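Colleague: Could you walk me through this one? I'd like to learn how to read it from the whole chain down to a single helix pair.

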Amino acid sequence: MHAYFAGGCFWCITPFFTRLPGVGEVISGFSGGDEPNPSYEAVKRQQTGHRETISVAYDPEQVDFDTLLRIFLKNVDPFDGGGQFIDRGRSYTLAVYYQNKSELAIARKQLAALAEKEGKTPQVALEPFKSFWPAGEEHQYFYLRHPEEFEREMTESGRRKQDEL
């Protein structure tokens, strides 16, 4: 099975899923727009309706959608409707691309619980999955291919505070 999450910069959200038992691969790409096969540059420049998105391949007998969604929400700012950290614009906004009624129900339940706990409304779009377009090979598993650049991005973006390193 696959789950699709738009969590801002796809480089930054990928590692949180790759270490989970039951997760196969995590592919960086684009969802949410209507144009076929958008380029990274066009999405980054807000020229398409796509968001940077990850496709999480998982074995539902080892890890469930509910757990994946919890990991997602823990590693983003669910109350920021303008993007994530220093990455701004629609292509960096949050979304859960659900594929069935069960995933939609789980997402609604988790977002309602988060709203009740925090006293504010999460800014996470719930949209039916339409398509997923993988980004170029240079964007896949960026944190493994370019660890120093990845750490700089995590720190400079505000996703990881310097004192947490």
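Colleague: What percentage of the 165 residues in the protein chain is buried?

Modeller: Happy to help, and keep in mind that this is a predicted model. Buried residues account for 50% of the 165 in the protein chain.

Colleague: And how do I read the radius of gyration of the protein chain?

Modeller: Set the value against what a compact globule of that length would have. For 165 residues that is near 15 Å, and the protein chain has 15 Å, so the two agree. The C-alpha trace spans about 40 × 35 × 30 Å along its principal axes.

Colleague: Which share of the contacts with a separation of 6 or more comes from residues 24 or more positions apart?

Modeller: In the protein chain, such pairs supply 75% of those contacts. As for secondary structure, the chain has seven helices and eight strands.

Colleague: Let's turn to a helix pair. At what angle do the axes of H4 and H5 cross?

Modeller: Roughly 40 degrees, with the axes of H4 (residues 65–74) and H5 (residues 101–118) coming within 10 Å. An angle between 35 and 65 degrees counts as oblique, which is why H4 is described as oblique to H5. The crossing of H4 past H5 is right-handed.

Colleague: Which residues make the contact?

Modeller: H4 brings Phe65, Asp66, Leu69, Arg70 and Leu73, while H5 brings Glu103, Ile106, Ala107, Gln110 and Leu111. Sorted by class, this contact of H4 with H5 has six nonpolar, one polar and three charged residues.

How values were computed
Residues numbered from 1 in each chain as written. Predicted model: local features only at pLDDT ≥ 70, side-chain atom pairs only at ≥ 80, totals over all residues. Heavy atoms only, no water. Axes fitted to C-alpha atoms, helices over the stretch in contact; angles between N-to-C directions. Helix = DSSP H or I, 4+ residues; strand = E, 2+ residues; numbered from the N terminus. Parallel < 35°, antiparallel > 145°, perpendicular 65-115°, else oblique. Left-handed = near helix turned anticlockwise from the far one by under 90°. Contact = heavy atoms within 4.5 Å. Nonpolar A, V, L, I, M, F, W, Y, C, P; charged D, E, K, R; others polar. Rg over C-alpha atoms; globule rule 2.2 N^0.38 Å. Buried < 20%, exposed > 50% of the residue type's maximum accessible area, 1.4 Å probe, protein only.
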